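Student: Could you take me through one part of this model up close? I'd like to hear about the surroundings of the ligand, and then whatever else in the backbone and packing helps place that part in the chain.

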Amino acid sequence: MLYQLSYDPLDMWSGHAPAGVRDPVVPVYGPTPGPDQMRTPRRGAQRWAALTTMTRMSAQHRVSARIGAIAESATLAVDAKAKALKAAGRPVIGFGAGEPDFPTPDYIVEAAAAACRDPRWHRYTPAGGLPELKEAVAAKTFRDSGLKVAPSHVLITNGGKQALYNGFAALLDPGDEVLLPAPYWTTYPESIALAGGTPVVVPTSPESGYRATVDQLEAARTPATKALVFVSPSNPTGAVYSPEDVAAIGRWAVEHDLWVVTDEIYEHLVYGSAEFASMPVEVPELVDRCIVVNGVAKTYAMTGWRVGWLIGPDDIVRAATNLQSHATSNVANVSQVAALAAVSGDLTAVEAMKVAFDRRRRRIVELLSAIPGIICPEPEGAFYVYPSVEELLGLELRGRRPATSAELATLILDEAEVAVVPGEAFGTPGYLRLSYALGDADLEEGVARMAALLGEAR
Ligand SMILES: Cc1ncc(COP(=O)(O)O)c(C=O)c1O
């Protein structure tokens with residue numbers, strides 16, 4: 001049976017499906033009665049009536065309410081649209097995807113190639129991950145963040161995304177509230193809601209560097225609050241919390257018996273004087289109520305290999321592993337062997353990427369800041385800038401008058417062939433997210449096209 005989204009996913013912000021409101025999936029080819037269903041008139045008529053009713057009700061009932069409520073990943077949608085346009089021959093420049101433009105380092109690829117030829121890796125392996133990879137992740141975690149964990153506290157997952165999904169699923173019951181500072185990465189609220197939890201958005205501002213304070217978090221806390229999502233360096237803002245701020249938030253969580261799901265996937269990408277700090281290291285009393293999420297995607301340019309992990313207390317890791325044993329079984333062994341080579345090696349490759357990212361970070365802030373109407377704070381980590389475009393909204397531009405950042409992003413793609421992600425995807429309309437993990441030449445050309453277009457706004 002074929003299905004079609006009732007709106008263009010590439011047009012997901014421009015009126016058909018405003019952020020947070022999802023159109024249902026409707027069948028294009030609904031069920032039709034086959035000859036066997038018509039064998040006896042009575043039975044056939046009944047079934048036909050039932051099928052007709054089903055078809056009428058299909059928009060609401062064919063897909064479960066739980067899954068039907070999930071929005072498509074906005075960042076992946078932008079990336080897919082940019083790649084589709086490129087494939088069709090359009091000279092699109094994509095600032096949408098959060099992935100390094102570098103190839104995976106050779107020694108990692110070689111380890112994977114050797115694993116392909118070894119029949120040992122052609123079979124099922126333990127659902128929770130290769131024991132040697134869990135051990136290496138435990139060692140790497142101690143090396144990089146100072147958190148001492150046993151391999152039994154590690155669950156290897158299909159990327160950081162599955163670590164988040166499994167972590168929330170293991171932690172949350174219906175009614176549990178999860179504090180989520182905004183701008184937030186687009187996957188967090190969906191993952192929380194899918195696990196039955198309720199995301200409670202805690203707005204932050206550019207003035208505070210998009211960092212949530214203990215006071216803001218405390219104001220949002222209720223008796224139903226179970227957990228906080230914490231990410232530093234942050235996607236989408238690039239904000240980095242100081243070790244003191246990390247400690248203050250961790251102590252507040254301990255004081256109120258809250259869990260913290262802390263996402264450390266950008267741990268190595270901090271610039272200037274900014275410093276990465278791991279919350280359970282700053283506040284060791286939190287360890288029993290903390291889930292650490294991490295992976296190889298960003299550090300080793302391995303987004304396509306799909307290896308991440310969560311680190312947590314025994315009960316959570318056991319529950320999440322049981323879930324994974326039914327959902328996906330082990331992560332592809334070849335990818336796990338590649339990840340083993342990555343985390344067992346040194347950090348030379350990421351240091352080299354970091355130099356390039358830092359150069360691009362300073363350049364993109366300089367270029368965007370020169371565009372009238374754009375205010376671009378300098379991020380301290382990850383590889384994103386998150387400028388405000390509020391001053392441009394409502395102005396006339398190429399015969400249109402974009403009223404939202406979603407409409408502006410669509411216009412920029414249509415008119416300048418530059419893909420950016422609107423702030424609606426991150427819970428804060430009025431902003432755009434640009435990833436600067438793309439080549440220097442593309443960065444220059446892409447922002448120049450935006451400047452030329454936006455300079456016409458009146
Ligand atoms: C903050 C954050 N956490 C987790 C992930 C998940 O990464 P992956 O599933 O590719 O390992 C991403 C990817 O964009 C991210 O930005």
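Tutor: Let's start at the ligand and work outwards from there. Keep in mind that this is a predicted model.

The shell around the ligand has 13 residues, and the ones that come nearest are Gly 159, Gly 160, Lys 161, Asn 235 and Gly 295. By class, that shell splits into seven polar, four nonpolar and two charged residues. If you're looking for the element that gives the most to it, go to helix H6, residues 159-171, which supplies three residues.

Asn 235 deserves a second look, since this residue is among those nearest the ligand and also sits on the N-terminal side of an unusual bond. The peptide bond from Asn 235 to Pro 236 is cis, with omega near 20 degrees. Pro 236 belongs to the loop that runs between strand S7 (225-231) and helix H9 (243-255). There's another cis peptide bond to check, between Ala 182 and Pro 183, where omega is about 5 degrees. Pro 183 is in a loop too, the one between strand S5 (177-182) and helix H7 (187-194).

Follow the chain on from Pro 236 and you get to H9, the helix that ends its loop. Ala 248 lies in H9, and this residue is partly exposed because 17 other C-beta atoms lie within 10 Å, short of the 20 needed to count as buried. Ala 248 is 31 residues from Met 279 in sequence, yet their C-alpha atoms are 9.4 Å apart in space.

Now for the backbone further along. Ala 382 isn't a glycine, but its phi is positive, about 60 degrees. You'll find Ala 382 in the loop between helix H13 (348-369) and strand S11 (384-385), and it counts as buried because it has 29 C-beta neighbours inside 10 Å. Arg 398 has a positive phi as well, about 50 degrees, again without being a glycine. Arg 398 is in the loop between S11 and helix H14 (405-416); with 13 C-beta neighbours inside 10 Å, it counts as partly exposed.

That loop leads into H14, so let's see how H14 packs, given that it ends the loop holding Arg 398. The axes of H14 and helix H15 (residues 440-454) come within 10 Å and cross at roughly 105 degrees, so the two helices are roughly perpendicular to each other. On the H14 side the contact is made by Ile 412, Glu 415 and Ala 416, and on the H15 side by Arg 449, Met 450 and Leu 453. Sorted by class, this contact has four nonpolar and two charged residues, and no polar ones.

One more helix, H3, is worth a visit. Its 14 residues, 74-87, should span 20 Å at 1.5 Å a residue, and the end C-alpha atoms are in fact 20 Å apart, which agrees. The buried residues of H3 include Ala 74, Val 78, Asp 79 and Lys 81. The buried residues of this helix pack against strands S3 (93-94), S12 (418-419) and S13 (421-422). Just after H3, Gly 89 takes a positive phi of about 95 degrees.

To put all this in context, the protein chain comes to 15 helices and 14 strands. Of its 458 residues, 45% count as buried. Among contacts with a separation of 6 or more, 71% are between residues 24 or more positions apart.

Conventions: Residues numbered from 1 in each chain as written. Predicted model: local features only at pLDDT ≥ 70, side-chain atom pairs only at ≥ 80, totals over all residues. Near = placed C-beta within 6 Å. Helix = DSSP H or I, 4+ residues; strand = E, 2+ residues; numbered from the N terminus. Nonpolar A, V, L, I, M, F, W, Y, C, P; charged D, E, K, R; others polar. Buried ≥ 20, exposed ≤ 12 C-beta atoms within 10 Å, placed from the backbone. Axes fitted to C-alpha atoms, helices over the stretch in contact; angles between N-to-C directions. Parallel < 35°, antiparallel > 145°, perpendicular 65-115°, else oblique. Contact = placed C-beta atoms within 7 Å. Expected span 1.5 Å × (residues − 1).
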